[in-house]
Amino acid sequence: MGIVKSYSHFCFKEGLILEEIWKDVVGYEGFYQVSNLGRVKSLFTNKIMSTHIGNNQYVNLRLARCNYGKTKLCLLHRIVAEAFIPNPDHLPQVGHKDETRTNNRASKEQLSCSQGKPNVL
């Protein structure tokens, strides 16, 4: 599928129209795509997936490799980071630089890779 660019997302908080770039979700290529603004869409339905805030206050969603079958609970910030944040040192953790667990945009100011214990911000 590759990279798809879209200019259709309006950010009300900042009053800007932001470029939304879509990339395949790592491990789910051909099934889902994730955007740099932290949204995931199904390529089966071409609809944005619903997300939930878990007990740990991180945004998560369920992904499957087909229309039926087992699903996997995935953390949205990890999906975004795998697609958009370079990690040449293969660091195991992803952190939110602004310490807002629900902010899942792919930018240098929002997400980073680290060596700390899981989900350390």
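**Exercise 1: Loop residues**

Glu99 lies in the loop between strand E8 (93-96) and strand E9 (111-114); decide whether it is buried, partly exposed or exposed.

*Solution.* Before we start: this is a predicted model, where local features need pLDDT of at least 70, side-chain atom pairs count only at pLDDT 80 or more, and totals for chains, interfaces and linings use all residues. Residues are numbered from 1 along each chain as its sequence is written, and side-chain values use heavy atoms, leaving out hydrogens and water.

- Step 1. Get the cut-offs: buried is under 20% relative accessible area, exposed is over 50%, and partly exposed is in between (1.4 Å probe, protein chains only).
- Step 2. Glu99 has a relative accessible area of 57%, so it is exposed.
- Step 3. Check the backbone too: Glu99 isn't a glycine, yet its phi is positive, about 60°.
- Step 4. Now try Gln57, in the loop between E5 and E6. Its phi is also positive, about 75°, and it is not a glycine either. Its relative accessibility is 45%, so Gln57 counts as partly exposed.

**Exercise 2: The chain as a whole**

Work out the order of helices and strands along the chain.

*Solution.*

- Step 1. Helices (H or I, at least four residues) and strands (E, at least two) are DSSP runs, numbered from the N terminus.
- Step 2. Count them up: 1 helix and 9 strands.
- Step 3. Read along the sequence and you get β-β-β-β-β-β-β-α-β-β.
- Step 4. For the overall cover, 36% of the 121 residues are buried.

**Exercise 3: Strand partners**

Find how E5, E6 and E7 are arranged, and how E3 pairs with E4.

*Solution.*

- Step 1. Two strands pair if DSSP finds at least two bridges between them.
- Step 2. Three strands make an open sheet in the order E5-E6-E7, with antiparallel pairing. Strand E5 (52-53) and E7 are at the edges, each pairing on one side only.
- Step 3. Zoom in on E5 and E6: they are joined by 2 bridges, and His52 stands opposite Asn60 in E6.
- Step 4. Move to E3, which pairs with strand E4 (residues 40-42) in the antiparallel sense over 3 bridges. Here Val34 stands opposite Val40 in E4.
- Step 5. The E3-E4 hairpin has 4 residues between its strands, and Gly38 takes a positive phi near 85°.
- Step 6. On E3, Tyr32 and Val34 point one way while Gln33 and Ser35 point the other, and all are buried.

**Exercise 4: Helix and core**

Show how H1 takes part in the largest nonpolar core.

*Solution.*

- Step 1. Helix H1 (residues 76-84) has 7 of its 9 residues buried: Leu76, His77, Ile79, Val80, Ala81, Ala83 and Phe84.
- Step 2. A nonpolar core is a set of buried Ala, Val, Leu, Ile, Met, Phe, Trp, Tyr and Cys residues joined through side-chain atoms within 4.5 Å.
- Step 3. The largest core has 16 residues, and Val25, Tyr32, Val34, Val40, Leu63 and Ile79 touch the most other members. Strand E3 (32-35), strand E6 (59-63) and H1 each give at least two residues, and H1 has the largest share, 5.
- Step 4. Look at Leu76 in H1. Its relative accessibility is 2%, so it counts as buried. Beyond residues up to four places away in sequence, its contacts (heavy atoms within 4.5 Å) are Gly38, Val40, Thr51, Val59, Asn60, Leu61 and Asn104.
- Step 5. Leu76 and Asn104 are 28 residues apart in sequence, but their C-alpha atoms are 6.9 Å apart.

**Exercise 5: Two neighbours in E6**

List the contacts of Arg62 and Leu63, skipping neighbours within four places in sequence.

*Solution.*

- Step 1. Arg62 is in strand E6. With 47% relative accessibility, it counts as partly exposed.
- Step 2. Arg62 is in contact with Met49, Thr71, Lys72 and Leu73.
- Step 3. Leu63 is in contact with Val25, Tyr28, Tyr32, Val40, Met49, Lys70, Thr71, Lys72, Cys74 and Ile79.
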